[in-house]
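I am keeping these notes while I look through one structure. The entries cover charged side chains and a ligand.

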Amino acid sequence: MPRKKAGISSHAFRVRYLRRSREIYRRFLETKPWIKQMHSTFLGLKPGMKIVDVGCGTGDFTRYLASLISGKCAIIGVDIRAANIRTAEKQTKKEGLAGKITFRKGDAYNIPVEDGWADLVCCRTLLMHLTDPLKAIREMSRVARKGGTVAAFERGRFPDFPIYVPNDERLTKLAIRISESYVDGVRKLERKHFDIGNRLPTIFHEAGLRGIMAEYQADTYLTSDPRRRLEDVRDELVFYLATLKETKNLDVKAMLAGGASRKNVNQYNAWLEKWMKNLLDDNDKLRNDTTFSAGGMVLAAGRK
Ligand SMILES: C[S@@+](CC[C@H](N)C(=O)[O-])C[C@H]1O[C@@H](n2cnc3c(N)ncnc32)[C@H](O)[C@@H]1O
């Protein structure tokens with residue numbers, strides 16, 4: 001299920017997961033070319049641009065941005081973890097993009113780039129992990145030139161239904177309630193807003209940005225979708241199942257803190273585990289299952 005996981009403990013598993021999920025997500029996007037078009041238009045990407053990607057991690061989004069610009073550009077990826085920067089540099093060289101992208105270790109609250117350098121300063125799934133997102137947006141704005149753009153891609157929470165369990169209204173409602181409790185619980189326990197997307201226009205405005213725009217991109221999950229390779233869908237389920245086992249205790253703690261009852265949490269987790277195992281046991285079932293879920297990403301941008 002497309003729920004953001006807090007952490008995966010086994011290093012080997014994590015490395016394999018990250019490498020494979022990068023490849024899976026890239027292919028997922030290839031089935032939807034309009035998303036690249038949307039990102040490129042929304043961010044106003046053009047040859048010659050100077051860009052900073054804050055909280056770049058291992059550089060997936062940074063390289064994705066470079067791939068959307070034909071011709072020259074200068075992109076700086078910044079992340080607080082030195083290990084991420086090393087992996088990002090290695091992968092970027094491997095993909096032949098080192099001429100367009102460089103990386104620096106640094107903090108979103110103190111970005112190691114001079115005032116007004118960039119045409120575009122952006123981040124993807126960074127603000128949801130920060131306890132003071134407004135401070136980070138102000139700092140991103142400092143790095144943007146006058147008239148430049150600050151943009152963020154973050155998960156949101158919208159009143160549409162994130163999941164449909166075929167012909168089971170009770171379970172559908174339970175899954176929706178549990179996912180809301182999880183987001184509320186993470187906010188209570190860790191002061192992180194996993195639904196920060198909804199607040200982005202407000203935060204941008206508070207940071208002094210103007211001409212604020214917002215879009216909503218929904219990623220959909222349907223194991224029967226023939227546009228996706230069977231092995232990609234299977235691998236995704238294997239990873240979800242493994243992360244569910246590894247993070248179950250932490251997730252349950254958040255769900256309970258967010259107001260779900262233990263009985264409901266147990267019911268939901270038991271269903272989720274059984275559903276994934278059943279599909280992994282039988283490819284025919286997997287390719288005919290119509291459990292449908294979606295995860296939304298808000299894109300917001302404002303001008304300095
Ligand atoms: C969910 S990952 C997103 C990575 C990347 N933006 C992407 O979309 O693939 C969040 C990243 O933010 C980084 N991060 C967390 N706190 C940070 C901070 N204060 N300053 C800079 N980076 C930070 C983490 O190290 C991690 O790489």
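**Notebook: salt bridges and ligand**

Entry 1. I began with Glu190, which has a relative accessibility of 37% and therefore counts as partly exposed. The model I am reading is predicted. Glu190 has a salt-bridge partner, Lys192, and I noted 3.4 Å from N to O for the two side chains.

Entry 2. I then asked how many salt bridges there are by this rule. The count is 20.

Entry 3. I looked up the pair Asp232 and Arg20. Their side chains form a salt bridge, with 2.9 Å from N to O. The two residues sit 212 apart in the chain, so I wrote down where each one belongs by the helix numbering. Asp232 is in helix 8, which covers residues 230–257. Arg20 is in helix 1, which covers residues 11–30. The bridge thus links distant parts of the chain.

Entry 4. Are Asp232 and Arg20 buried or exposed? Asp232 has 2% relative accessibility, and because the cut-off for buried is under 20%, Asp232 counts as buried. Arg20 has 11%, so Arg20 is buried by that cut-off too.

Entry 5. I went on to Arg229 and Glu231. They form a salt bridge, and the closest N and O atoms are 3.8 Å apart. Arg229 has a relative accessible area of 42% and is partly exposed. For Glu231 I also wrote down 42%, and Glu231 is likewise partly exposed. After that I checked for salt bridges that share partners. They join Arg20, Glu23, Arg27, Asp232 and Asp235 into one network. Arg20 and Asp232 are the pair from Entry 3.

Entry 6. I turned to the ligand. Which residues are closest to the ligand? They are Gly55, Asp79, Asp107, Ala108 and Arg124, out of 15 residues that surround the ligand. I sorted the shell by class and found five nonpolar, six polar and four charged residues.

Entry 7. I looked up single contacts of the ligand. The side chain of Asp107 has an N or O atom 2.9 Å from a nitrogen atom of the ligand. For Ala108 the contact uses the backbone: one of its N or O atoms is 2.8 Å from a ligand nitrogen. The side chain of Arg124 places an N or O atom 2.6 Å from an oxygen atom of the ligand.

Entry 8. How much of the ligand does the protein bury? Taken alone, the ligand exposes 600 Å², and the protein buries 82% of that.

Conventions
Residues numbered from 1 in each chain as written. Predicted model: local features only at pLDDT ≥ 70, side-chain atom pairs only at ≥ 80, totals over all residues. Heavy atoms only, no water. Salt bridge = Lys/Arg side-chain N within 4 Å of Asp/Glu carboxyl O. Helix = DSSP H or I, 4+ residues; strand = E, 2+ residues; numbered from the N terminus. Buried < 20%, exposed > 50% of the residue type's maximum accessible area, 1.4 Å probe, protein only. Near = heavy atom within 4 Å. Polar contact = N/O pair within 3.5 Å; in protein donor to acceptor, adjacent residues only side chain to side chain. Areas by Shrake-Rupley, 256 points an atom, 1.4 Å probe, with all protein chains shown as cover. Nonpolar A, V, L, I, M, F, W, Y, C, P; charged D, E, K, R; others polar.
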